[in-house]
Amino acid sequence: MAEPASAHMGAATWSSEDGTAFEVALEGINHVVGAYSRLTAEARAADDNGQADALVI
């Protein structure tokens, strides 16, 4: 079995502020992914595959 990429990573040396900024950015990314997923699902439910494909690409 292949070794995970994280096996060669050292300990994080972030400041508290950097860690918070990372978590905020990650939360923002998750919101955007969720929004596009919802829009894509709505387009597919409406049989608008062109719009759904445009959102995915």
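**Exercise 1. Which residues does T40 touch, not counting residues up to four places away in sequence?**

Start with the place: T40 is found in helix α1. Helices here are DSSP runs (H or I, at least four residues; strands are E runs of at least two), numbered from the N terminus. Next, look for contacts, meaning heavy atoms within 4.5 Å. Leaving out residues up to four places away, T40 touches A52, L55 and V56. Finally, check the cover: T40 has a relative accessible area of 15%, so it counts as buried. The cut-offs are under 20% for buried, over 50% for exposed, and partly exposed in between (1.4 Å probe, protein chains only).

A word on ground rules before going on. This is a predicted model, where local features need pLDDT of at least 70 and side-chain atom pairs count only at pLDDT 80 or more, while totals for chains, interfaces and linings use all residues. Residues are numbered from 1 along each chain as its sequence is written, and side-chain values use heavy atoms, with hydrogens and water left out.

**Exercise 2. How many salt bridges are there by the rule, a side-chain nitrogen of Lys or Arg within 4 Å of a carboxyl oxygen of Asp or Glu?**

The count comes to two. Take them in turn.

- Step 1: R38 pairs with E42, and their closest N and O atoms are 3.1 Å apart. Both sit in helix α1, and because they are four residues apart, about one helical turn separates them.
- Step 2: check how open that pair is. R38 is partly exposed at 46% relative accessible area, and E42 is partly exposed at 43%.
- Step 3: the side chains of R44 and D53 meet in the other bridge, 3.2 Å from N to O. R44 is partly exposed at 37%, and D53 is partly exposed at 36%.

**Exercise 3. Which residues is R44 in contact with, leaving aside its neighbours within four places in sequence?**

First, place it: R44 is in helix α1. Then go through the contacts: N49, A52, D53 and V56. One of these, D53, is the salt-bridge partner you just met.

**Exercise 4. Where is D47, and what is its phi?**

D47 is found in the loop between α1 and α2, with α2 covering 49-56. Its phi is positive, about 55°, although D47 is not a glycine. As for cover, D47 is exposed, with a relative accessible area of 66%.

**Exercise 5. Which residues make the nonpolar surface patch?**

Rule first: patches take residues with over 30% relative accessible area and no salt bridge, joining like charges within 9 Å and nonpolar side chains (Val, Leu, Ile, Met, Phe, Trp, Tyr) within 5 Å. W14, F22 and L26 make a nonpolar patch of about 310 Å². The areas come from the Shrake-Rupley method with a 1.4 Å probe, and for residues only the protein chains shown count as cover.

Now zoom in on F22. It lies in helix α1, residues 16-45, and is partly exposed at 39% relative accessible area.

Then look at the rings. Rings of Phe, Tyr and Trp (its six-membered ring) pair if their centres lie within 6.5 Å; planes under 30 degrees apart are stacked, over 60 edge-to-face, and the rest tilted. The rule gives one aromatic pair. W14 and F22 form it: the pair is tilted, at 4.9 Å centre to centre and 55° between the planes.

**Exercise 6. What is the radius of gyration of the chain, and what would a compact globule of 57 residues have?**

Begin with the parts list: two helices and zero strands. The radius is taken over C-alpha atoms, and the globule rule is 2.2 Å times the number of residues to the power 0.38. A compact globule of 57 residues would come out near 10 Å, but the chain has 18 Å. Along its principal axes, the C-alpha trace spans about 50 × 35 × 15 Å.

Now add the surface. Of the 57 residues, 7% count as buried. The accessible surface is about 4800 Å², with 60% of that belonging to carbon and sulfur atoms.

**Exercise 7. How many Å apart in space are T13 and V32, C-alpha to C-alpha?**

T13 is in the segment before α1 and is exposed, at 73% relative accessible area. With their positions 19 residues apart in sequence, T13 and V32 are 28 Å apart in space.
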